[in-house]
Structure formats: C-alpha cells, structure tokens
Amino acid sequence: MTSSSLTSPQDAPAVQGRSLWQDAWRRLLANRAALVSLIVLTLIAIAAVFGPLFLPWSYDQIDWDHVEAMPPDFASGHYFGTDSLGRDLLARTLFGGRISLMVGILATFVALTIGVTVGTVAGYVGGKTDQFLMRFVDLMYSVPLTFFVIILMVFFGRNFILMFLAIGAVEWLTMARIVRGQTLTLRSKEFIEAARASGGSTPAIILRHIVPNVLGVVMVYVTLTIPNVILLESFLSFLGLGVQEPMTSWGMLINDGAAELEINPRTLIIPAAFMTATLFCFNFLGDGLRDALDPKDR
Amino acid sequence: MWSYFARRVAIGIPTLWAVITVCFFLMRLTPGGPFDAEAPVPQEVLNNLRARYHLDDPLWQQYVDYLVNLLRGDFGPSFKYHDFSITTLIAQGLPVSLENGFCALILAIVIGVPLGIAAALAQNTRRDYVISATAMTGIVIPNFIMGQVLILIFGVWLKNSIFHLPAGGWNDGAFANRILPVFCLALPYVAYLVRITRGSMIEAVRANYIRTARAKGLPFRLVVLRHALKSALIPVVTFLGPATAFILTGSMVVETIFQIPGIGRYFVQGALNRDYTLVMAVTILGAALIIAMNLAVDLIYIWLDPRVRYDQQ
Amino acid sequence: MSVLDIKALDVRFANTDGEVAAVSSLSLSVEKGECLGIVGESGSGKSQTFLAAMGLLAPNGRTSGEVMFGDTNLLTADEKTLNDLRGDKLAMIFQDPMTSLTPHMKIGRQLTEVLVRHRGLSATFARDRAIAMLRRVQIPEPERRFNMYPFELSGGLRQRVMIAMALLCGPELIIADEPTTALDVTVQAQILDLIRKAKEELETAVILITHDLGVVAGLADRVGVMYAGRLVELGDVRQIFKAPRHPYTKGLLACTPRLDDATGGTMPTIPGQPPNLQNLPAGCAYHPRCPFIMDRCRVERPPLRPTPTGSLSACFLEGSPS
Ligand SMILES: Nc1ncnc2c1ncn2[C@@H]1O[C@H](COP(=O)(O)OP(=O)(O)OP(=O)(O)O)[C@@H](O)[C@H]1O
Ligand SMILES: [Mg+2]
C-alpha cells in the first residue's frame, strides 16, 4: 500500500506504558460515579478495619441492660441501636463488613491467581496446552458450581479458609477466558516477539511482559468479582452455611435481620445498606475503570 | 453445521459423566454420613441401614451400580425420606422449578432486553442513567432480601387490599402463588440482561455497517432493529447458559423463602440433611440443564450469525 | 451549479479531556459531474468533513457552518429530510468493505432495502434491479451472489457491492471514502474504473477521499489537500501535480512512490509528527514541520489565497500580506 508513507510511526507500547496508566487514572477521576464510589469504598473499608477499635462495644458483647432490640441510643453508646440479643448493631455491622470484605478480597485473589495463570499460559503457550486448558474451562462452565460450593460447605464444615478457596475456585473461569483473549492479542505484538528473540524464557516473558499488560482488564474484572463473592457469601449465610457464630458477616446480619423484618426493620436495613452501598460502589468503580482503560468509549 | 452440533452434544456427555463421577466420590469420601443425625443408633441397626442402601459394597461396585441405575432413570432411594425414591421426588419437584425458571427467564428477557436497548440508544442521558442505576439495584440487592421485602409488602402490608398476594406456599401452582416467586427469581436477570444488552447494543451501533445502513437513509429505528439487534443479541444469548445455572441457584433461595416444592428446596434440604442421593440427583439434573441450555445457545448462534455455520465445521 | 457547497464548516468533538478540532473553517464546492479528490494524512479530517455532511458524525460531534446540497442545509436538516436524501440523491462508499456490510444479512437484502426505502419497489422488482446493478458493477454470477452473506465474498467483491448499493438510486453525489485502501493493487484499479464509469455514465459528482495521490491523479478533476482539519491547497489536479504551491503538498508529492520507480528502498517521509488536534500549534498548523518556515508562520494563520497557477494555497509564501 502506498499509504504507508503518510502514516506516522507508532510509539512502542512499552514507552507509553507509564502515561497510559496516568491517562486512565485521570479519566477515572473525571468520572463522577467512579470517583464517589472510590471515596465511599475507602471510607467503608477504613471503618470496617479500624472502626471497631473505637467503639464502646465489641461485636459479640451483650449489653445486659438492653437485651432486647433497642433503637439508637447515644447515652449507652449504641449509635445504631442493638440487635435482639442486645449486641451493638454498629459494631456488628462494621465487624461483619470486615469479614465480608475479607472473604471478597481473598476469594477474588484466589480466582485471580488461578485465572491469570491459566489464561496467560493458555494464551501464550498456545497449541495443545491452550486447547486442553480452554476445553477444561468450557467443561467447568457446564457444571453447577454453586452446588459444589454448597456441598463442600456442608460436608467439610463451615470452614472459613475452605469458603474462600471454594468460591475462588468458582470465580476464576471468566478471568481465565478474558486474560487468555488479551494474551492472544499481546503475543503477536513486537515487544513480545523482541523479548522472545532475545532469549527470554516462557515464564519470564509471561511474568515480565504479559502479566503487566493484562493488568488493566484484570483490575476491571477484580473490582467486578469482589461484589459477586460478597453476594455469594451472603447467599451461603442465607442457607446457614456462612461464617460461624459468634463471627458474623454482612450476609449473616442481613439474614438475621430479615427474620425480624416486621418487628425490627432496623436490624435488616443497617447491614443491608452497608452491603448494597459497597456492592454498588464496586460495580460503579469497575465500570468506571473499564471506561477509563478503554478510551474508545468516549 | 450438523456435525458441529453433533460434536457439541458429544462434548456434553463426558461433561455430565465427569460431574456425576466427581459428585459421587465427593459424597462417599467425605467424613460423616447420612445417618449421623439419627443419633445413638445401635450398631446393628446402622449395619442394617448400610446394607439396605448398599453402602457396605466396595466403592467401585456402588459407583457402577449407580451409573447403571442412572441410565435406567433411577436415581436410587432417598436416605432421608425412606419411603420415597429420588426419582419420584424429582418427578414432583422438577416441573415446578422448570415452570418457574422458564417464566422468570421469559419475563426477564421481555423486560430486560428492551430496557437495555432503550438505555443504549440514549447513552449518557438521564434515561440511560435511570435505567442503568435501577438495573444495578437489581444486581446488588440479594434475592433473599428482595423476597422477604416482597412478602412483607404484598403478603402483610397489603393484606386487606386487592394487591394482596400469598406470602408463600404453592397451592398446586395457582397463579397468585406464582407471581411473587417468579418476579423475585426474574429480577436479577432483568438487571443482568439490561446491563448486557446495553453494553452490546452500544458496541453494535458503533459498527461500521451501522453507518452504512444509516447512509442508505433507513430510519434509525429500522437500522437498530434490522442491522444492529442480531449482533447485539449474541452476548445476551451467551448469557443464557450461565443464566440457567444462576436460576438454579436462585430457585434455592426463592423456593425456600416461598416454600415451593421444587428441586431447589430439595437440594437445600438434601444438603443440610446429608441426603446423598437427593443432592446428587439435583446436581446431575442441574448440570444436564446447563448443558442442554448451552446446546440451545449454540443453535441460536447459528441463526444469529451465519458465519458459525461455515467456520465451525 | 454546484451539487454540494460547503461553507466555513467546523467539526468539533467533545472528549472527556477537552475538545478535538477535527475540521476548521473548511469551504469547498463540487460541481455536477465533477470528481473532487481530497487527500491528506491520517487524522487530517477528511472523513469527518463528509460524515458531517451526511449527518453521520459520532454522537459527541458538533458542527457549525453550512453544507448546502441543492436547497437543503444538511447540517440543520431534520432526520427525516436527511434520510430521504441519504441513499437516494446522496450516497457514500466506505473505506473498509470487510466491516461495512451487515454480516448477518444476505447481500441481496442489503441492496433491495435501499430500493424499497426510496423507490417503494416490490420485492421482485427490487430484486431484478439489484441483480442488474450487481451485473453492472461486474460481479460474476450476480444471481448466486445475491443470496450470499458478505463473508462469503472477497474484499474486492464486497467493495463492488458497496458501489452497487451507492448507485442503485442514481445519486447526484457519491462520496467515496478511501474506497480502495483495503484492497490489493489490481483490484484497486478495477474499483476506480467502476467509479469513473459511474461518474461518466450517470454524470454523478464524486468526492474521492484518499491517502493516495496516485488514485487522485487518475480520477479527479480537482483536488483539495487537507492538513490538521484545514484545506491548505485546492485546485486543478494537473496544476497541483505539476506545480504544487503549498509546502505540505510538495512534501506529500515527494513521498508518493511512482509506478516507474521500482525501488524497494526507503520512501521519503515528511519529517515530524502530524499535530495534536486537541492542542494545535499557533499560526500555521504546518509550521513545525515546514522547511520554509518564516517568523510570522508561528503566530499568524495564512488564509487560503489564489496563486499564479490558479489554485488556492494557504501559505505566506504566496506574495505579500494583504
Ligand atoms: N468521535 C470522535 N471523538 C473524538 N475525536 C474524533 C472522533 N472521531 C474522529 N475524531 C478525530 O478527528 C480527527 C479526524 O478524523 P478523520 O476520520 O476525519 O481522519 P481522516 O483524515 O479520515 O483519517 P484516515 O485517513 O485515517 O481515515 C482524528 O484525529 C480523530 O481522532
Ligand atoms: Mg478517514
């Protein structure tokens, strides 16, 4: 084609890497919904992690003066009131948030580790390996995986570690597919070929060149997976398979609250508000990130 | 095209077999058994029970027996409801769950897809924001809260009005008893479908061939319906596979809350009671449903995108 | 009388991080039966100029100025008026035949829907007309192709289908946006030949947008050269090839390979980068790359002025300031 002389040479992506992230960050902050979500999430996370330290009551402490659900009362330090056993609702909500967020993040981390490993290897190595791995992913998609999570939780007991391992093992599939797709397009890029030509080993290339470049999509997917996991945890709590008393999570609090919906709506509304706010924010943040990293969505 | 389809069927069968196998060994190898709950049982009775359910056979024998019975459509006896075979339980529960799931899916498509298109075509306007934010609410609020809130509103608060709906029970599938559960089951899908359709429609309208179609002077509405909709529907159709899995999970919640005798509730009770055969049967059925739905999805693809007919031979 | 008359057209895009000035105060007109070539680097605003005229800008695009097609100002016309013109009197052929046809629809349907829309023809009549048109653009076995999907055709055949589609209603103006860029050389020549025939037989005015000066030389009567959203030179095609006035046009000509030049070696390119449309340099947009730069080029923008050869050029090298 004669037109090639008129098109300007493209900069190598490696050179642009830095400013690409800065651009994305700038675009993210320009997105009001995403910015507000980021702030709210940060506040909720700080409150969940440090809040309980500053409250007069701990999450499992029973206030024998108020053993019945009580409306907010500042004098006794129950800012959101107590639940039907006289435990401080704010302390429980914050502590439950800590657990829910932790399950969300840990399980997503498990999903991320498996998904990125499988995805990059399948995409980069290609051939038989790719076919095998993707067939396996296809196969797993036809399996009712939540059933297996439930079975595991029932038969092996309500074990905290098992819970996020199991959930993580369910959530990695989509991640693997997305990462593989990205890797496939990266593989033919010049800088990968250059790395290969200069004798980089496969694991080294994957770690140093592929992984950093799929990070964008992965981050989007992570922000969208965490709320999914939190929902799944609340679902397990609904079935009575969540974390074990006296530990608690948003899912458990909501489920307890729902039982008293008619008499004591506050015990449902407060944890539910925290959880839905968190889920909303994660979703908006994820969408915002996606738009920020994919500027064709002007 | 048919060989492509046949190949997909051929992949489905080993998948199902793998599910059965994993499930079977998972059940038999876990600590604790179905009779644990029936506390102090004399050893002798226990042995009798074990013999009755062939639990004292070698494991591989049990496995082979199970597969053979399965091929005959026999899921074995229930460990909990001693007088029922699982097949009977399923025969009662499956139609109920299928009907509800199907209605929910249709409802979700009928509401979700048009809303998604409306949002996409008004991208970044107030209408888009309202639709998208409402959809997000549907995703973010768990099913079991929604169910209980609906019960409170329509079952309790509106008890003496014409809007009163039964708070639970099945009543042999009376229409009034179906409304809340189906709605509750459909809600998350409406939300997902809105999001998926919105995204894919935005993408579809951006395609070069849409510009061509507009350059022909076709009214925009026609351009959307005739030229964009089919490709925008591909991700929607793709979602039907996972949606089935999803509806199955959702039916556990909805059937429990509304006390509906479907397989979702059987699964929950079966799991909590360690009723091995019941849990296995529902899991296998679930997998079969998902596989069947994925096959249906493949067929729809062929209609939506003629390239599939040729590419995938 | 001119078929299309553009006056002081501006096209702006609102971005999250500012405004892109894709086209700025552009004026030109096309006469009946004439072929006007538009050349310029990628991103110089060629496509956006005419997409604006067709009313097909992206949603974030804003226009000002005037684009007269007959008595209609296309920029302010309502959707209904535009739709009555588009595909009938006003046709456009797009750059990428691979993605410009609806993939899930048979060729035939995509052709006949134009006739149904604008001529109200019945299905059978429309079919006959469409097949006749396919034959006219030299598609072999048109009856069979009529029932095929786009992916079953080669790139060249698809572009022929696009041309057939554009010709169906006998338009007064065809805008061809890089109709040959995606095709290989022999096919390019055939496609250009088709466009030439259409122009001669139907007396249709043609606007031919391209990167490729060679294409312009073979087909156009006049040529406009665009840089950074502005017209920098406009005039008779032979004049411009023989004696380019604007330094940018000179640069472009210098890096056009000639057919007789069988070098596999490096082609000369214009040094420097095309400007950032979001942040254009002051003065003449070309000054950072111009070999003839003068002081005033940095501060003042040269207007488009007549030159001794009869073409218009936007450069201070043309005589003294007025
Ligand atoms: N929707 C949009 N939002 C922002 N900028 C846009 C948009 N569409 C086009 N542009 C910008 O407008 C400028 C002109 O684009 P145009 O398509 O007219 O270029 P062109 O001369 O046709 O180039 P090519 O030869 O590559 O087709 C480009 O820099 C492009 O980035
Ligand atoms: Mg262009």
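In this predicted model, 39 residues of chain A are in contact with 47 residues of chain B. Putting the two chains together buries about 3,700 Å², and carbon and sulfur atoms give 78% of that area. On the chain A side, the biggest losers of area to chain B are F147(A), F155(A) and F238(A), which together make up 20% of what that side buries.

Polar links across this interface come to 2 residue pairs in polar contact, both at pLDDT 80 or more, and the salt-bridge count is 1. That bridge pairs R195(B) with D287(A), with the closest N and O atoms 3.2 Å apart. As for where the chain A side comes from, α4 (127-141), α5 (145-155), α8 (202-238), α9 (250-259) and α10 (265-293) each chip in at least two residues. The largest share belongs to α10(A), with 10 residues. Sorted by type, the chain A side holds 26 nonpolar, 7 polar and 6 charged residues.

Now for the ligand. Ligand 1 sits between chains A and C, with 19 residues around it, of which S42(C), G43(C), K46(C), S47(C) and E178(C) come nearest. Oxygen atoms of ligand 1 pick up polar partners here: a side-chain atom of S42(C) at 2.4 Å, a side-chain atom of K46(C) at 2.9 Å, and a backbone atom of S44(C) at 3.2 Å. Taken alone, ligand 1 exposes 640 Å², and the protein covers up 78% of that. In chain C, β1 (2-15), β2 (18-31) and α1 (46-54) each give two or more residues to the shell, and α1(C) gives the most, with 3. The shell breaks down into 5 nonpolar, 10 polar and 4 charged residues.

How values were computed: Residues are numbered from 1 along each chain as its sequence is written. Chains are lettered from A and ligands numbered from 1 in the order in which they are written. This is a predicted model: local features need pLDDT of at least 70, side-chain atom pairs count only at pLDDT 80 or more; totals for chains, interfaces and linings use all residues. Side-chain values use heavy atoms; hydrogens and water are left out. A residue is near a molecule or strand if one of its heavy atoms lies within 4 Å of it. A polar contact is a pair of N or O atoms within 3.5 Å; within protein, one must be able to donate a hydrogen and the other to accept it, and residues adjacent in sequence count only if both atoms are side-chain atoms. Accessible areas come from the Shrake-Rupley method with a 1.4 Å probe; for residues, only the protein chains shown count as cover. Helices (H or I, at least four residues) and strands (E, at least two) are DSSP runs, numbered from the N terminus. Ala, Val, Leu, Ile, Met, Phe, Trp, Tyr, Cys and Pro count as nonpolar, Asp, Glu, Lys and Arg as charged, and the others, Gly among them, as polar. Contact means heavy atoms within 4.5 Å. Buried area is the accessible area (1.4 Å probe) that two parts lose on being put together, summed over both. A salt bridge is a side-chain nitrogen of Lys or Arg within 4 Å of a carboxyl oxygen of Asp or Glu.
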